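The paragraphs below go through strand pairing first and charged side-chain contacts afterwards. Please keep the structure open while reading.

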Amino acid sequence: MSAPESTVETATDEAVRRRDNSAVLRIGEDDGERLEAEAGTSDTSMVMNMGPQHPSTHGVLRLMLEMEGETVMRSKPVIGYLHTGMEKTAETLTYLQGPTNVTRMDYAAPLFSELAFSMATEALLGLELPPRATWIRMLMCELNRISSHLLFQATNGMDIGAVSMMLYGWREREEALRLLETITGLRMNHNYIRPGGVAADLPDGWRDEVLTLIDKLPARLNEFDTLLTGQPIYRERLQGVGVINTAECLALGVTGPILRSTGYAWDLRRDMPYLAYDQVEFDVVVGTYGDCFDRYAIRLNEIRESIRILAQILDQMPPGDYRVQDKKVTPPPRARIDESMEALIHHFKIFTEGFKVPAGEVYAAVESPRGELGCYMVSDGSAVPYRMHIRGPSFVNLQTLPYLMRGGMVADAVAIISSVDPIMGEVDR
């Protein structure tokens, strides 16, 4: 996965020599005014804005760069251009309406936000899900992880200049999205994982559809290796670029592929198991050098691990209910509404008033494609959350940019942003 030792160590050592740890994260308290003032005292440095409309910043992100020539001395990510107030909006929505809101945060991996929200709600309710609901959730999340990482492969190749990779990555992602649409009815923002289980059982033929996808993907991933992994220009653009170490990641609270690229094997699916991940076998993929190439290779190999997990889910998927049969939280079967006035009233109350959740607070976390995605929920005993806060991994991971960019070339900035793989809808929530 990693590059030959001699090549990367030389590039890494050079990047480390150019680091100025004392200057990191002290940039311009007043939206860059201090940065501009400090830069103005030097005849050799200048301040440049990258974005907020730059086409390769994966959303509406602005970067303030202090540069000497083409070398980035310091940088500051400026966020807030996409602010949607979703956390505050959650206080006005019932717990059944909540997944419709949170699914729009990380729009590349919406099922993980739905899962974290639903797990937090279920913890407050003290619900225990039927086994089939648990395994369906795991199936959907691994399919979504594949589609998210395929999106990264496509856009990362495009950002580096490998235009063909966009076509290949998009082709495979379409297959995954088509399967998600078959099961949930939507390509994105599914509102499929809900408190108490999932919205509907798996449709007829779902097993064959999943088998077709996981049988087709390995050969396609080998094509990715041919196109990118062994391509000397691609490796030159990524090896030794955007280097970060384990200590810096842990100090910043960084998780996911960025942390694992430093060699630190931390994955919530294995280390703090949820759903049924302790009943399937998979490897936690790690890197060695903490550079852009390691982060690319980790995501590529995580697709292969998700394929392993999906194959085991197909073998172990249990029968039974796809949601809890609890009148407090579960609407009646649609067929019953035409037959029973009690069922009609129950349906009406669930979807208008919602269900009340016992007072308390809880934190539930899952391993999204970008790292630890957590939902902190506070209930006051009513039918809507008193407070809800999402720990978005994209928001936390953006803190690495000043570390990754310092001492590097401005031409590498887009490659570094791409390797972080931020989703700005999750940052500006």
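R62 stands opposite V78, a residue of β3. This register belongs to the pairing of strand β2, residues 62–68, with β3, which is antiparallel and extends over 7 bridges. The model is a predicted one, and the positions discussed here are those of that prediction. Strands β2 and β3 are part of an open sheet of 3 strands, ordered β1-β2-β3 and paired in the antiparallel sense. Its edges are formed by β1 (45–50) and β3 (71–78), each of which pairs on one side only. On average, neighbouring strands of this sheet are turned by 20° against each other, direction ignored. In general terms, the strands of a sheet are held in register by backbone hydrogen bonds, and the pairing may be parallel or antiparallel.

Further along the chain there is another open sheet of 3 strands, with the order β6-β7-β8 and antiparallel pairing. Here the edge strands are β6 (360–368) and β8 (387–391), and each has a pairing partner on one side only. The average turn between neighbouring strands of this sheet is 10°, again with direction ignored. Strand β7, residues 371–379, pairs with β6 in the antiparallel sense over 9 bridges. Within this pairing, A365 stands opposite G374 of β7. Helix α5 (residues 110–125) packs on the sheet and touches β6, β7 and β8. The direction of α5 makes about 150° with that of β6.

The side chains add another set of links. How many salt bridges does the model contain? The count comes to 28 salt bridges. One of them joins the side chains of E87 and R429, with an N to O distance of 2.9 Å. Because E87 lies in helix α3 (residues 86–89) and R429 in the segment after α19 (424–427), this pair ties together parts that are 342 residues apart in sequence. Is E87 buried or exposed? Its relative accessible area is 17%, so E87 is buried, the limit being under 20%. R429 has a relative accessibility of 9% and therefore also counts as buried.

A second salt bridge links R220 and E172, whose closest N and O atoms are 2.5 Å apart. R220 belongs to helix α8 (residues 206–229) and E172 to helix α7 (residues 163–184), so the contact ties together parts 48 residues apart in sequence. E172 counts as buried, at 1% relative accessibility.

The salt bridge between R308 and E305 lies within a single helix. The closest N and O atoms of this pair are 2.9 Å apart. Both residues lie in helix α13 (residues 292–316), and their separation of 3 residues is about one turn of the helix. R308 is partly exposed, with a relative accessible area of 32%, whereas E305 counts as buried at 12%.

Beyond these pairs, salt bridges that share partners join E142, R145, R260, D267, R269, E302 and E367 into one network.

Key
Residues are numbered from 1 along each chain as its sequence is written. This is a predicted model: local features need pLDDT of at least 70, side-chain atom pairs count only at pLDDT 80 or more; totals for chains, interfaces and linings use all residues. Side-chain values use heavy atoms; hydrogens and water are left out. Two strands pair if DSSP finds at least two bridges between them. Helices (H or I, at least four residues) and strands (E, at least two) are DSSP runs, numbered from the N terminus. Axes are lines fitted to C-alpha atoms, for helices over the stretch in contact, and angles run from 0 to 180 degrees between N-to-C directions. Contact means heavy atoms within 4.5 Å. A salt bridge is a side-chain nitrogen of Lys or Arg within 4 Å of a carboxyl oxygen of Asp or Glu. Buried means under 20% relative accessible area, exposed over 50%, partly exposed in between (1.4 Å probe, protein chains only).
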